[in-house]
Amino acid sequence: MTTVATTGPSAAAAPTATASTAGTPTAPGSPWPASTRTRPGGDLAVGGVGLAEAADRFGTPLYLLDEQELRARARAYRAALPHAEVHYAAKAFLCSAVANWVEEEGLGLDVCSVGELQLAAAAGFPPQRMLLHGNAKSPEELRLALRLRVGRIVIDGLAEIPRLAALTVADEPQRVLVRVLPGVAAGHHAAVRTGVAGQKFGFPIEGGDAAEAVRRVLAQPGLRLAGLHCHLGSQITDPEPFLAAIDRITALLAGIRDEHGVELPELDLGGGHGVAYLPGDPELDLAEYARLVTARLAAACAAHGLRVPRLLVEPGRAVVGPAGVALYRVLAVKHGTDGRVFAAVDGGMSDNPRPALYGSRYTARLVGRASHAEPVPIDVVGRHCEAGDVLVPGAHLPADLRPGDLLAVPVAGAYQLSMASTYNLVGRPALIAVRDGRARQLLRRETVEDFLRREVGR
Ligand SMILES: Cc1ncc(COP(=O)(O)O)c(C=O)c1O
Ligand SMILES: N[C@@H](CCCC[NH3+])C(=O)O
């Protein structure tokens, strides 16, 4: 089975031999960016930039984004789904440079807050190509979205319908989608499974909530219902749930046609496309997804006598996740009498809450020096005041790992910096973009001065 990575940029990685075990950066199926190269002396380069040199120059913890990897992934989506609209899900990670890159690659943008909306707009992203989500959109958000003329707003609750309609006028209707729940459960953790009833998002198809939401939207002259939306969950590696969702949503589209005499022109299948975090992990095969989804949509529409709606997709993780690398400095190595080894690094659950939240698995690799020591299981832990602050349990790292060493963790681009906190008043890390041997700082490290500046009346 081919994968997102093998149909996209990572396929370009030229395999070269390395001495490491888990996380071998340039092997087929590797989770590292395609530009990753081993360097003499045990270092790695990503985007032509040596990791040890980057750590010295910008400090640690440091996040790197490989611009070409991200762009190639965005392009792979456009190529695989040439008739669809691909909206990058900003929640995975957003800064101005990322907004510019995805815009230049022809993607739209899925935003879900005033922050994402305003930052993208300030970066020059055209609001017409944005789509606003949210289960709790504030009046401020709705007003801003309308003022900026955001392309689509996704309705996620009945109360939102009259609230939004009250801000619109019939001769300039706002294009909207209705978020429905097809009753398909998928995703890597219960907290991110959003395709079924019993959680806060969307309107269940079963039982009639979705049909009722559609009725109410169609009754509002200020709203133009363009179609239906669903987002099943995140980190889905099998296309089957998307196909099941298509069947159920197409049946609803037929019901809407029968009841209202309208054929909705758009279907947004959301994101959730899974990537490999560990070598050999399954990931969603983009080419296969595109082929199966396109064929199933055509078949389901034909069965109901419907015109095929325009497809929209909203990948976040699959665009930015594998383009990111996190770089940490080891601060302490503790050898327990039970033989257990802990390597404590200068980041942790504040820059990557995913292991603590979902039990997410990562690999870690020593960079910046060569080691011929035997790889042994070492728990890479963070610096925060919780025993659960474990970044990589049982990482295979050289037995001579010591304070001062650098550890690199791939697939760090999605839902890490975007979910980062300042727990223990540890400032959020700096972020650099790497490309063609050049490093450009995108975000500076957060400092104590930043914390003090927020205090009022000090
Ligand atoms: C509505 C919506 N669209 C798109 C995404 C992007 O998901 P992913 O990053 O898993 O592709 C999410 C988050 O899961 C979402 O909630
Ligand atoms: N934060 C989740 C993904 C949530 C996607 C948002 N709907 C993760 O890291 O896996």
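Is Leu425 buried or exposed? I began at this residue of the predicted model, and I noted that Leu425 counts as exposed because it has 10 C-beta neighbours inside 10 Å. I placed Leu425 in the loop between S19 and S20, and I read for it a positive phi of about 50°, although it is not a glycine.

**Entry: backbone geometry**

I then looked up Tyr415, which is found in the loop between strand S19 (406–410) and S20. Its phi is positive, about 55°, and Tyr415 is not a glycine either. I kept in mind that most residues other than glycine have a negative phi, and that most peptide bonds are trans. With 24 C-beta neighbours inside 10 Å, Tyr415 counts as buried, whereas Leu425 counts as exposed. I also checked the peptide bond from Thr60 to Pro61, which is cis with omega near -10°, and I located Pro61 in the loop between helix H2 (51–58) and S4.

**Entry: the two ligands**

Which residues surround ligand 2? I listed Lys91, Val192, Ser234, Gln235, Arg354, Tyr358, Tyr415 and Met419, so that Tyr415, noted above for its positive phi, appears again here. By class I recorded four nonpolar, two polar and two charged residues in this shell. Domain 1 (4–66 + 321–453) and domain 2 (67–318) each supply at least three residues of the shell around ligand 2.

For ligand 1 I found 18 surrounding residues, of which the closest are Ala89, Ser234, Gly271, Gly316 and Arg317. The shell around ligand 1 divides into six nonpolar, eight polar and four charged residues. I noted that Ser234 is listed for ligand 1 and also for ligand 2.

**Entry: the domains and their contact**

I took the division of the protein chain from the domain assignment, which gives domain 1 (4–66 + 321–453) and domain 2 (67–318). The C-alpha centres of domain 1 and domain 2 lie 32 Å apart. I found 37 residues of domain 1 in contact with 32 residues of domain 2. On the side of domain 1 that touches domain 2, helix H1 (4–7), strand S4 (62–66), strand S20 (430–435) and strand S21 (438–443) each supply at least two residues. I sorted the residues of this side of domain 1 into 21 nonpolar, 13 polar and three charged.

**Entry: the largest nonpolar core**

Which residues touch the most other members of the largest nonpolar core? Among its 132 residues I found these to be Val178 and Leu327. Helix H9 (residues 240–260) gives the most to this core, contributing seven residues. Both domain 1 (4–66 + 321–453) and domain 2 (67–318) give residues to the core, so it lies between them.

I followed Val178 further, leaving out residues up to four places away in sequence, and found that it touches Ile155, Phe203, Ala210, Ala213, Val214, Val217, Leu225, Leu228 and His229. I then turned to Ile249, which is found in helix H9 and counts as buried, with 27 C-beta neighbours inside 10 Å. With the same sequence neighbours left out, Ile249 touches Val180, Pro182, Leu228, Cys230 and Leu267. Ile249 and Val180 are 69 residues apart in sequence, yet their C-alpha atoms are 8.0 Å apart in space.

**Entry: helices H5 and H6**

In helix H5 (residues 114–122) I marked Glu116, Leu117 and Ala120 as buried. Seen down the axis of H5, these buried residues fall within an arc of 100°, so they line one face of the helix. The face of H5 turned away from this buried side carries the exposed residues Gly115 and Ala122. Among what covers the buried residues of H5 I listed helix H4 (96–104), strand S6 (108–111), strand S7 (130–132) and helix H6 (139–148). Just after H5, I read a positive phi of about 100° for Gly124.

Which residues of H6 are buried? I noted Glu141, Leu142 and Ala145. Down the axis of H6 the buried residues fall within an arc of 95°, so they line one face of the helix. The exposed residues Pro139, Glu140 and Arg147 are carried by the face of H6 turned away from its buried side. The cover over the buried residues of H6 includes H5, S7, strand S8 (152–155) and helix H7 (160–165). I closed the entry with Arg149, which follows H6 and has a positive phi near 65°.

How values were computed
Residues are numbered from 1 along each chain as its sequence is written. Chains are lettered from A and ligands numbered from 1 in the order in which they are written. This is a predicted model: local features need pLDDT of at least 70, side-chain atom pairs count only at pLDDT 80 or more; totals for chains, interfaces and linings use all residues. A residue is near a molecule or strand if its C-beta atom, placed from the backbone, lies within 6 Å of it. Ala, Val, Leu, Ile, Met, Phe, Trp, Tyr, Cys and Pro count as nonpolar, Asp, Glu, Lys and Arg as charged, and the others, Gly among them, as polar. Domain bounds come from an automatic or database domain assignment. A nonpolar core is a set of buried Ala, Val, Leu, Ile, Met, Phe, Trp, Tyr and Cys residues joined through C-beta atoms within 7 Å. A residue is buried if 20 or more other C-beta atoms lie within 10 Å of its own, exposed if 12 or fewer, and partly exposed in between; C-beta atoms are placed from the backbone. Helices (H or I, at least four residues) and strands (E, at least two) are DSSP runs, numbered from the N terminus. Two residues are in contact if their C-beta atoms, placed from the backbone, lie within 7 Å. The arc is that of the directions from the helix axis to the C-beta atoms.
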